[in-house]
Amino acid sequence: MPVIDAHHHFWRYDAQDYAWIKDSMKAIRRDFLPVDLEKTIRAAGVDGVVSVQARQSLEETRWLLELADKNPFVRGVVGWAPLISPDIGDILDELTANPKLRALRQVLQGEPDEFYMLREDFDYGVSLLRRHGLAYDILIFERHLSQTIQFVDRHPQQIFVLDHVAKPRIRDRVMEPWREHFRELARRPNVYCKISGLVTEADYTNWTEADLRPYAETALEAFGPHRLIFGSDWPVCLVACDYARWLGLVRGWITELSATEQARILGETAAEAYRLP
């Protein structure tokens, strides 16, 4: 079965647009484009990818869709749109004319209001996604999990994909209350989870496989192979780990699963959650 990397980014680097790339991440202060990723995934035995927004602009969403149209290995796009806009219905009509738009995402972890996802106007925008066949990617820190559960419960028919296992405090080797709230969110059958982003929540230069394993095992136990999705978070992962090493870690964690279960995590679950063509 094909292997799909369900979480990566493209960008033309600009210091103002990507101010979140701090000095400790200077290795990724450059352009990352399809030609770079295609070479990387081919070497790793990955067949296709899902591109995820890195800037909150319609300009970037349209650009990602253009890249997807030109590069068949890009199977789908998780874009951004102004979900609180009064014009969101018309905007969705425009964007979904391109079938490669498969989901939207807001950088909720960066919102000053930690309860942003519970705003009425945001909830209304999310309520329109299902009729357009779009999933919604949840990007949060662990401290947002409690309100995220409330948010998800308002939309029981909407497909959600939790990014980076909700960014637990791996660097501090803290499991709770992340694990408790994470397991509770996983009880919602309309929520999928990406096993991605763990190395960048750890110490970039001194992490070990043992630091990450408890979080990966919790994700597998909570979501199971039928709702767990492989993602690399390339090129962000490069500040702590190269692409092949991360894929190797994930393969190692799932090696005792059946071939069918491994195929789910490495590709089939992403195809299902995002309804990839």
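Of the protein's 277 residues, 58% count as buried. The model shown here is predicted. Buried means under 20% relative accessible area.

Start with the overall build. The secondary structure comes to nine helices and eight strands. The radius of gyration is 17 Å, close to the 19 Å that the globule rule gives for 277 residues, so the protein is as compact as a globular protein of that length. Along the principal axes, the C-alpha atoms fill a box of roughly 45 × 40 × 40 Å.

Next, look at how the chain meets itself. Take the contacts in the protein with a separation of 6 or more: 79% of them are accounted for by residues 24 or more positions apart.

Now turn to the surface and the charges. The protein exposes about 11700 Å². Carbon and sulfur atoms supply 49% of that area. There are 34 positive and 42 negative side chains. The centres of these two sets lie 2 Å apart.

Finally, zoom in on one element, helix α3, which spans residues 88-95. Which of its residues are buried? They are Ile88, Ile91, Leu92 and Leu95. Seen down the axis of α3, the buried residues fall within an arc of 100 degrees, so they line one face of the helix. What covers them? The cover includes two helices, α2 (58-70) and α4 (120-127). It also includes the strand β4 (101-106).

Notes:
Residues are numbered from 1 along each chain as its sequence is written. This is a predicted model: local features need pLDDT of at least 70, side-chain atom pairs count only at pLDDT 80 or more; totals for chains, interfaces and linings use all residues. Side-chain values use heavy atoms; hydrogens and water are left out. Buried means under 20% relative accessible area, exposed over 50%, partly exposed in between (1.4 Å probe, protein chains only). Helices (H or I, at least four residues) and strands (E, at least two) are DSSP runs, numbered from the N terminus. The arc is that of the directions from the helix axis to the C-beta atoms. Contact means heavy atoms within 4.5 Å. The radius of gyration is taken over C-alpha atoms; the globule rule is 2.2 Å times the number of residues to the power 0.38. Accessible areas come from the Shrake-Rupley method with a 1.4 Å probe; for residues, only the protein chains shown count as cover. Lys and Arg count as positive and Asp and Glu as negative; His and the chain ends are not counted. The place of a charge is taken as NZ of Lys, CZ of Arg, CG of Asp or CD of Glu.
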